[in-house]
Amino acid sequence: MSGYEEQLHTRAEMLEETSELAAAVTAILDGAAGAGLDPRAIVSLRAAITELDPAGGAAPGYQAGDRTARHPGSGYGSDAEFLEAVSDAEDQTIDAVRDVEQLQEQVIAALDAAHDDRARAVRDLQAARQDLAAAVAMAVKDPCDGCHGIKAAAITTAETAIDEAEDRVRDAERRISICEDTTEILDALTRRLQAALQALRQVPHDLGEVYELIYAFIRRGGKMPRLGRWITGETPVPA
């Protein structure tokens with residue numbers, strides 16, 4: 001009876017494993033380091049990694065190095081390329097949030113059904129106990145005209161109904177417990193994903209703020225020197 005709820009729980013545990021998404025964001029961080037991006041512009045990236053991989057501890061360190069440590073072809077080729085990668089990670093996180101929301105709806109429906117089944121089982125249990133009391137109180141005659149057999153059968157029927165109702169109550173309560181455990185997993189996962197999503201959405205703002213003067217210079221028609229061409233002057237567009 002509880003197989004469906006266990007499937008939902010297993011699915012929640014699978015969604016809870018977000019290390020693959022954390023690895024994708026870590027790769028963005030590595031690309032930013034290869035490009036020499038100012039550490040102040042990737043603070044939110046590191047925050048996103050921490051949310052997506054809480055078991056991994058602190059986010060990876062960041063060391064962009066100086067110009068002599070960087071080589072052509074390392075890291076992202078432009079700020080637009082960097083922001084595109086961040087946008088892709090944001091899309092993946094949004095997909096994960098949607099998957100969690102869909103599963104939450106299924107768990108809520110399963111929890112409601114389990115509560116309804118428990119309520120019906122409890123009503124049936126109460127009725128069966130009343131039937132048992134009535135059966136035990138049945139009068140019999142002496143000499144017997146079949147009344148003893150009728151009473152015994154009524155008692156057996158009531159006891160069987162009680163056993164069945166108790167089994168249904170226990171099964172419903174087990175299903176409820178599984179759904180509640182699943183809900184706890186999904187609630188915590190939702191908080192982590194939303195925090196990671198907010199952090200990723202903050203990256204374009206951080207980039208624009210750190211390089212504000214350079215972007216303003218380019219928008220006025222200025223041209224960056226060859227070694228500074230990483231900044232293309234494209235306006236970061238919030239997702």
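Helices in this tour are DSSP runs of H or I with at least four residues, numbered from the N terminus, and the model on screen is a predicted one. With that convention in hand, select helix α5, which covers residues 147-210 and holds R192.

**The whole chain**

Before zooming in on that residue, colour the protein by secondary structure: there are 6 helices and 0 strands, so that, by the same DSSP assignment, the order along the sequence reads α-α-α-α-α-α. Of the 239 residues in the protein, 37% are buried. If you display a surface, about 13,800 Å² of the protein is exposed, and carbon and sulfur atoms supply 52% of that area. Among contacts with a separation of 6 or more, 79% are between residues 24 or more positions apart.

**R192 and its surroundings**

Now return to R192 in helix α5 and show the residues around it. Leaving aside neighbours within four places in sequence, R192 is in contact with E16, T18, E51, L52 and P54. Which of its partners should be picked for a polar contact? The side chains of R192 and T18 are joined by one of 3.2 Å. Next, pick E16, the nearest side chain of opposite charge, which lies 5.4 Å from R192. A salt bridge requires a side-chain nitrogen of Lys or Arg within 4 Å of a carboxyl oxygen of Asp or Glu, and R192, although buried, has none.

**The largest nonpolar core**

Select L37, L45 and F82 next, since these are the residues that touch the most other members of the largest nonpolar core, a set of 48 residues. The elements that each give two or more residues to this core are α1 (3-16), α2 (19-35), α3 (43-52), α4 (79-136), α5 and α6 (212-219). Helix α4 provides the largest share, with 13 residues.

**Two stops in the loops**

Move to the loop between α3 and α4, where Y76 is found. Is Y76 buried or exposed? Its relative accessible area is 14%, and because the limit for a buried residue is under 20%, Y76 counts as buried. Add G34 to the selection and display the distance between the two C-alpha atoms: Y76 and G34 are 42 residues apart along the chain, yet these atoms are separated by 7.0 Å.

The last stop is the loop between α4 and α5, which contains P143. Centre the view on the peptide bond from D142 to P143 and inspect its omega angle, which is near 15°, making this bond cis.

Technical notes:
Residues are numbered from 1 along each chain as its sequence is written. This is a predicted model: local features need pLDDT of at least 70, side-chain atom pairs count only at pLDDT 80 or more; totals for chains, interfaces and linings use all residues. Side-chain values use heavy atoms; hydrogens and water are left out. Buried means under 20% relative accessible area, exposed over 50%, partly exposed in between (1.4 Å probe, protein chains only). Lys and Arg count as positive and Asp and Glu as negative; His and the chain ends are not counted. A polar contact is a pair of N or O atoms within 3.5 Å; within protein, one must be able to donate a hydrogen and the other to accept it, and residues adjacent in sequence count only if both atoms are side-chain atoms. Contact means heavy atoms within 4.5 Å. A nonpolar core is a set of buried Ala, Val, Leu, Ile, Met, Phe, Trp, Tyr and Cys residues joined through side-chain atoms within 4.5 Å. Accessible areas come from the Shrake-Rupley method with a 1.4 Å probe; for residues, only the protein chains shown count as cover.
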